[in-house]
Amino acid sequence: SYVVPSATWHPEYEIRFVPERAGKTGKGTVEITVAAVVSQSTGEDWTEASIVLSTSKPRLGAEAPLPARITVDGQEASDDKVLVQGVEDRSSLAASSGPASGAGPSRVDLDDGGRAFTLTFPGRATVLSDGRPYWMPVDEVKGRAEVRLVTIPKLSSHVFQALSFENPARYPLIAGRARMHRGPSYVGDVALDHTASGAPVELSLGIEGELRVDRKDMKDLDRSPGFLERSRELERELVFVLGNQSLSAESVVLRENIPVSKDAELKVELDTKKSTAGLRHD
């Protein structure tokens, strides 16, 4: 085996959520099509070829290319001049024996989580040497999933339909683009991070337009230490207002981060007496 330049691939996914019942939230099945987008301009068509996709990163160009000729010119300076003219000839990469710049697709960095593995395309495929991307499905997996309404007011005033599931594949899902579907409807593209087999995944199915959240600062106090006191107290109070314009009551997961102290003398406490009941501190 050997390595050829001007050939590359990257992963792409089709993720479809099939709900068990109608509604904004609920459980169902997630169907994932693992695909690869392959492109090559090696000068040779791959006709009915067996294709094995690898996430390893071979040292392309480990052997130094044959350097192009460098010509250095000079001229004698006269006695009455102190300036010497210098001419520099810079050889471009295209002039060397290596592959010409722009001759084909560039190598794509694959996030395989530090562990290389291979995916074998089922059957044979044809990839012409024209540099065009060829989308090829590699595998299909299914698993159980759930959709919840989630909002993070610190980042956005929107409420999102969040799809949660565990990676049902026997191999990691490499970081790449995922096309999201809910039933027969396409909802948009999201970025999928590297996910190990069995690891949890949470992806957006879009904005729930009938719900909205507002984040308001109600109190920001700085109590300086009094007489014979050393402690200083900072108190902050936030209020979240959820608006629902739909015809039914909805359950929304609201997430807010609180400060974490790296100093043992500084303590951060959540005032549960003033907070809405039912919160979970994770």
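How do the residues lining the largest cavity divide into nonpolar, polar and charged? The first legend takes that up, and the others move on to further spots in this predicted model.

**Figure 1. A small set of side chains around the largest cavity, which has a volume of about 30 Å³.** The lining residues divide into ten nonpolar, no polar and no charged. Here's the full cast: W9, P11, Y13, V34, A35, A36, L53, L119, V138 and I174. Strands β1 and β2 each chip in with at least two residues of that lining. If you're scanning for other enclosed voids, the structure holds one cavity of 30 Å³ or more.

**Figure 2. The largest nonpolar core, with 35 residues.** In soluble globular proteins, nonpolar side chains tend to be buried together. Which residues have the most contacts inside this core? They are Y13, I15, I32, I51, L53, L163 and F165. At least two core residues come from each of β1 (7-19), β2 (26-40), β6 (125-127), β7 (134-151), β8 (158-166), β9 (176-182) and β11. The top supplier is β7, which gives six residues. Two of the well-connected core residues, Y13 and L53, also turn up in the lining of the largest cavity.

**Figure 3. A close-up on I32, one of the core residues with the most contacts.** Once you skip its neighbours within four places in sequence, I32 is in contact with Y13, E14, I15, D139, E140, V141, F165 and P168. Among these partners, Y13, I15 and F165 are listed with I32 as having the most contacts inside the core.

**Figure 4. The largest pocket, with about 2300 Å³ of space.** There are 41 residues in its lining, and the closest to its centre are I258, E269, L270, D271 and S275. Two or more lining residues come from each of β11 (200-223), β12 (233-244) and β13 (252-254). Which element has the largest share of the lining? That's β12, with eight residues. As for chemistry, the lining divides into 15 nonpolar, seven polar and 19 charged residues.

**Figure 5. A162 in strand β8.** Is A162 buried or exposed? With a relative accessible area of 6%, A162 falls under the 20% cut-off, so it counts as buried. Leaving out residues up to four places away in sequence, A162 touches E146, V147, R148, V150, E202 and L203. Take E202 as one of these: A162 and E202 are 40 residues apart in sequence, yet their C-alpha atoms sit 6.3 Å apart.

**Figure 6. V52 in strand β4 (residues 52-54).** V52 has 51% relative accessibility, so it counts as exposed. Its contacts, setting aside neighbours within four places in sequence, are T118, L119 and T120. For V52 and T118, the C-alpha to C-alpha distance is 6.6 Å, with their positions 66 residues apart in sequence. Of the three partners, L119 also lines the largest cavity.

**Figure 7. E48, a residue to check on your Ramachandran plot, with phi near 50°.** Most residues other than glycine have a negative phi. E48 has a positive value despite not being glycine. Where is E48? You'll find E48 in strand β3 (residues 46-49). Its relative accessibility is 47%, so E48 counts as partly exposed.

**Figure 8. The whole fold, drawn as zero helices and 13 strands.** Walk along the sequence and the pattern is simply β-β-β-β-β-β-β-β-β-β-β-β-β. Of the 282 residues, 26% count as buried. Contacts over long stretches of sequence show up too: among contacts with a separation of 6 or more, 69% are between residues 24 or more positions apart.

**Figure 9. Confidence across the predicted model, with a mean pLDDT of 83.** A pLDDT of 70 or more is reached by 83% of the residues. Which strand has the highest confidence, and which the lowest? Strand β8 is highest, at a mean of 96, while β5 (residues 118-120) is lowest, at 83. Residues 88-108 are the ones to handle with care: pLDDT is below 50 over this stretch. Even so, the stretch has 27 contacts in the model beyond near neighbours in sequence.

Note on methods. Residues are numbered from 1 along each chain as its sequence is written. This is a predicted model: local features need pLDDT of at least 70, side-chain atom pairs count only at pLDDT 80 or more; totals for chains, interfaces and linings use all residues. Side-chain values use heavy atoms; hydrogens and water are left out. On a 1 Å grid over the protein atoms alone, a cavity is a set of points where a 1.4 Å probe fits but cannot get out, and a pocket is an open set with protein on both sides within 12 Å along at least five of seven lines; lining residues have an atom within 4 Å of a point. Grid points are joined across faces, edges and corners, and a volume is the space filled by probe spheres set on the points. Helices (H or I, at least four residues) and strands (E, at least two) are DSSP runs, numbered from the N terminus. Ala, Val, Leu, Ile, Met, Phe, Trp, Tyr, Cys and Pro count as nonpolar, Asp, Glu, Lys and Arg as charged, and the others, Gly among them, as polar. A nonpolar core is a set of buried Ala, Val, Leu, Ile, Met, Phe, Trp, Tyr and Cys residues joined through side-chain atoms within 4.5 Å. Buried means under 20% relative accessible area, exposed over 50%, partly exposed in between (1.4 Å probe, protein chains only). Contact means heavy atoms within 4.5 Å. pLDDT is the predictor's confidence in each residue, from 0 to 100.
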